Amino acid sequence: MRLADLMGARVCDPAGTEIGHVSDVRLVEHPAPTRPEATLRVEGVVVALKGHSRLFSYDHRPVDGPWPLAWLARRAARHARWIPWDHVTSHQPAKRLGDPAIIRISHPSEQLPLLSDMHQQWTR
């Protein structure tokens with residue numbers, strides 16, 4: 001699977017209801033036991049919930065800066081959720097070029113942590 005296959009993919013809960021789309025993918029570097037270079041693994045994905053505005057890259061990391069910009073960034077990403085990769089049960093590639101892929105997850109959206117809570121954990 002390519003990273004491009006995940007970006008923009010529709011995310012469906014266990015009941016098959018579309019809850020949003022993948023707006024970001026978090027990769028973590030792991031040491032490779034047999035090679036000198038590290039490998040990258042998908043830690044999870046960020047989902048922008050359906051019915052809420054696009055995140056315009058404010059989901060990538062918390063914005064520190066002038067208070068109006070920081071406030072707008074928090075507001076844009078306030079409904080975004082974090083999906084750990086082990087919650088992804090399947091990935092269905094796009095049927096045609098330009099169509100989004102579909103990701104199915106094992107937990108309902110209400111049980112997924114808010115992205116803002118994860119940002120706090122990652123910065124500790």
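In this predicted model, Val11 has its place in strand 1, which covers residues 10-12. The relative accessibility of Val11 is 0%, and because buried means under 20% relative accessible area, this residue counts as buried. Once its neighbours within four places in sequence are left aside, Val11 is in contact with Thr17, Glu18, Ile19, Gly20, His21 and Val22, and also with Val47, Ile83, Ile103 and Ile105. A further relation across the chain involves Ala101, which is 90 residues away from Val11 in sequence, although the C-alpha atoms of Val11 and Ala101 are separated by 8.7 Å.

From this buried position we can turn to the charged side chains, where the count comes to 2 salt bridges. In one of them, Glu43 pairs with Arg26, and the closest N and O atoms are 2.7 Å apart. Glu43 belongs to strand 3 (residues 39-49) and Arg26 to strand 2 (residues 18-30), so this salt bridge ties together parts that are 17 residues apart in sequence. Glu43 has a relative accessibility of 33% and therefore counts as partly exposed, while Arg26, with a relative accessible area of 31%, is partly exposed as well.

The side chains of Asp99 and Arg96 also meet in a salt bridge, with a distance of 3.3 Å from N to O. Here Asp99 is partly exposed, its relative accessible area being 32%, whereas Arg96 reaches 58% and is therefore exposed, because the exposed class begins over 50%.

Note on methods:
Residues numbered from 1 in each chain as written. Predicted model: local features only at pLDDT ≥ 70, side-chain atom pairs only at ≥ 80, totals over all residues. Heavy atoms only, no water. Helix = DSSP H or I, 4+ residues; strand = E, 2+ residues; numbered from the N terminus. Buried < 20%, exposed > 50% of the residue type's maximum accessible area, 1.4 Å probe, protein only. Contact = heavy atoms within 4.5 Å. Salt bridge = Lys/Arg side-chain N within 4 Å of Asp/Glu carboxyl O.
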